[in-house]
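Trainee: I'm new to this one and would love a close look at a single part of it. Could you pick a strand, show me its partners, and then help me place it in the wider picture?

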Amino acid sequence: MAGERRGRRDGGVTATDARSTGTHDGADLLAIADRVVAQARAGEQVEAFVARGGDTEVRVYQGEVEHFVAAQSEGIGIRVIRDGRTGFAYAGTLDAAAVAEVLADARDNVEFGTPDEWAGLAEPDGVPVTDQVLWNDELADCPPDRKIDLAKALERATMAVDGRVRVDESNYADAFGEAAVATTTGIRQWGRENGCYVSVSTLADDGDETQTGFGFSVGRRPDDLDLDRAATEGSDRATRLLGAVKPASKRTTVVLDPFVTAQFLSIIASTLNGESVVKGRSLFRERMGDQVAPAFVHLVDDPTNALAYTATDVDGEGLAARRNALIEGGVLRRFTHNSYSARRAGTVSTGNATRGGFAGTPGVGALALSLEPGVRSQDEIVAGIDDGVLIQSVSGIHSGVNPVSGDFSTGAAGLMIRDGAVAEPVREFTIASTLQRMLLDIVEVGGDIDWLPMRAAGQTLVVADVTMSGA
Amino acid sequence: MGCGTAPWGARAAPPRLVAVIDQELIEQTLATALRTGADFAEVYAEDKRNTSVALDDGRIEQVTSGRDRGVGIRVIKGETSGFAHTSDLSADGLRAAASAAAAAASRDDGGVRTVALSERASQQVNAVDVYPDEVAKARKVELMQRVDDAARSAGSEVVQVSAGYGDSRKRVLVANSDGLLARDDIVRVLARISVVASGDTGMQTGFQSMGQTVGWEAFDAVDIEELARDAARQAIVKLRARPAPSGAMPVVIKNGTGGVLFHEACGHGLEADHVQKGASVYEGKLGELVASPLVTLVDDGTMATEWGTLAIDDEGHATRRNVLIEDGVLVDYMWDHIRSRHDGRAPSGNGRRQSYMHLPMVRMTNTFVMNGPDEPDDIVGSTERGVYVAHLGGGSVNTATGDFVFGMTEAYLIENGEITEPLREGNLIGNGPQVLRDIDMLGNDFAMGNPGTCGKDGQGVPVGDGQPTLRVKSLTIGGTAA
């Protein structure tokens, strides 16, 4: 599955069962961060990011457990800023000697930075943290056997949908993470979260032909997982491509399946990244206030929405996560910022500092994107299209889309749409346009909204005038 | 699974080794791991240090020092693998991890089994002259500044440059219940350059990188400024690029840039895990003609200094030169411990993992196509209309259908046997088995390509690839022009 895994605030290690995790108040992690920050010297800004996380992954194949991985990890990253120069170091352990070494390395690394007048840590901005329930004890207490049973049940359910379907892997996975961040500038935050999902990867056979599909369901606790839906989608995605042909090349209207739209929105968001803007790499850098999409398009990044799988209380620098309207009425209204890009742009952080774990410093990125939903379902939308293609999956997003130039080209598979109904399956073709054109060419946003294990929600999206390249 | 050119990894030198953990403790840990009656237990320990320098927007933004150290323990019983990892290398920490892995693999009580390890001398695939951890950070910073200067002086169109340097040294120890004990000391260095050029047509990007499994001496052999100028040149050339065509046509791929084609078109499909699950188009095709008779495809983990090189794989087995396709005929797949045990054969040195936190699986090392008979100029000269790809981006493949894509980051139109106008970026799409058969010209100018990171099942490992200039009779270009 191409989705992003939940939460793992990442790191180094100790193997225990996932139940024996962490603390309820983060006191131990905060204490480590506090001790580091207390060692700051005059003229230094110091930030300590301390994290512990872990995950379980169960993979089932033909009724047997293929692997069961249960592991925890922990680590620390320390940033030191002095005279506008930044140094950083990390270690995948919270061993006291290692922490001391990390601080010394970060200090040493400061010497080699180029002075930057905008360098600096985040400072408390008074924006209140939205209380959210990101932790679920029921998941933390879920016994290993139940996890195995879920993966086995999903495999059985998927095979039962259609006799032509095989399962090449059926997975249950969960992850938990807690992290503390403290700075000499007065930031002091701790948070924890957990989540789980099941996923299935399928093969459908017809004679010599094989097609593939996938299905999944995500939740905050095992009871949230919808195995039937994952099984049905996994089976349908594979079987409906059986008999797929390479289509002729033409310009056409594409209907993006929710899972594809989420990937498209993530790319759009990367062009609205404040760091790219201040460094001159965003194609929208001089477009603030311009009409970049039709008036019915509203793009919001809202990690305070509890429905979002990537909902969070604070961002990677410890500032409150908040709702940001990026495109309103089709007009570009806001870029996402962390404290560095905001300072440089002469504005304030939008609470969009992202962090891959303790081994890196904060970047900028959207946290939980969605389009304001329209009213019609995917079926209703398809019924209104005479000639188009429903895009079920795309490939090569990382190789064929350039968010600097705006060129967009991806491999695709899906179903032709003729006279208001889906027709023959098609594969081995590409769809291409530019990001700028695609935003302007949006014809409709579906009324469906599906929260995916990604930083963007899934919705049906119709885009006109896209080039389909095939035979 | 996707494979991009860029980041990261680490690799090989003669063991002037630190014992990550002592032998007696490893033997005890394996005994603990076997307590639930497992068939096989394995300890993988690594101690990795790395340094990186990030330059962007004309500034050294950050120097980073990192350390990762830990042990991954795998226990196999029947068809089930249990896995746990720990950064606590004390006797207690290892016992806890071994017990967790054993419990994950089996709930039985298997009694006591002891393991006596015998150390294997590792092959030496290359030698490190200058360990990067002995080079002053100031020199690494200066390298990046030279890159920045060279790229910016390549043309007034250059508006932004970001560059990164990274080195790593990873000491590895692998031991298992078959008595294997092997060590490695892996040193890698990497540099990458991204350039943005701006003009009337908007912005364009260029990228170059170099990565080797050796020490700092790699930078004596490579002209890093020339690499930076080449990244700038790509971006500038594309400012006058026109939209790529849409549809199927002949494609010529420059030597040393298109190895990713084979990595995707057939490499992943030749990994025994996909094959055994019936999720590869190459299943059951051993001995059959699967490619043009021009094609001989090799995966070789022993190539000195290359990015995917390893003395031992991450299951402790010596890497090898494995011929996969010979004169178009499929002769073998790639194997790890589990898959080779399943088929009752020897592993091929392709069991790899991202780190001690990951389970090993079948992975490629350096994958390449050997020279063919044709002069590169003749290949272009005999193509009436097509696309010449001078630089490829990443790609990805669906191993079950064979459909794959890869990005062209620098490409030109071929008209009447000559390379003419530059094209904007796009993906190419094809079907692996079909494309292998459609290779109708193969050059005699073999070269290895840029360092890559291959992603599979969420794990990234460093890989290399290479090929001579070649032509594919027909590939679909994913552009927008008629």
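**One strand and its surroundings**

Mentor: Let's start where strand E7 (residues 250–256) of chain A runs parallel to E14(A), with 4 bridges joining the two. Helices (H or I, at least four residues) and strands (E, at least two) are DSSP runs, numbered from the N terminus, and two strands pair if DSSP finds at least two bridges between them. Before we go on, keep in mind that this is a predicted model: local features need pLDDT of at least 70 and side-chain atom pairs count only at pLDDT 80 or more, while totals for chains, interfaces and linings use all residues. Residues are numbered from 1 along each chain as its sequence is written, and chains are lettered from A and ligands numbered from 1 in the order in which they are written.

To find the parallel pairing by eye, look for A:Thr253, whose bridge partner in E14(A) is A:Gly388. E14(A) also pairs with strand E15 (residues 407–418) of chain A, this time antiparallel and through 8 bridges. A good place to see that pairing is A:Asp387, which has A:Arg418 as its bridge partner in E15(A). Strand E14 itself covers residues 387–395, and 8 of its 9 residues are buried. Here, buried means that 20 or more other C-beta atoms, placed from the backbone, lie within 10 Å of the residue's own; 12 or fewer makes it exposed, and anything in between partly exposed. As a general point, side chains in a regular strand alternate between the two faces of the sheet.

Elsewhere in chain A you can find an open sheet of 4 strands, in the order E10-E9-E8-E13 and with antiparallel pairing. Its edges are strand E10 (331–332) and strand E13 (369–371), each pairing on one side only. Strand E8 (residues 299–301) of chain A meets E13(A) through 3 antiparallel bridges, and A:Val300 has A:Ser370 as its bridge partner there.

Chain A also touches chain B: 72 residues of chain B are in contact with 66 residues of chain A, where contact means C-beta atoms, placed from the backbone, within 7 Å of each other. E4(B) provides the largest share of chain B's side, 12 residues. That side divides into 23 nonpolar, 35 polar and 14 charged residues. In this scheme Ala, Val, Leu, Ile, Met, Phe, Trp, Tyr, Cys and Pro count as nonpolar, Asp, Glu, Lys and Arg as charged, and the others, Gly among them, as polar. A pairing even crosses from chain to chain: strand E3 (residues 85–91) of chain A and E4(B) are parallel over 5 bridges, with B:Ser65 as the bridge partner of A:Ala89.

Within chain B, the domain assignment, which is automatic or from a database, gives domain 1 (2–238) and domain 2 (246–478). Their C-alpha centres lie 23 Å apart, and 44 residues of domain 1 are in contact with 38 residues of domain 2. E4(B) gives the most to domain 1's side of that contact, with 6 residues.

To finish with chain B as a whole, it has 10 helices and 25 strands, and 66% of its 482 residues count as buried.

Key: Contact = placed C-beta atoms within 7 Å.
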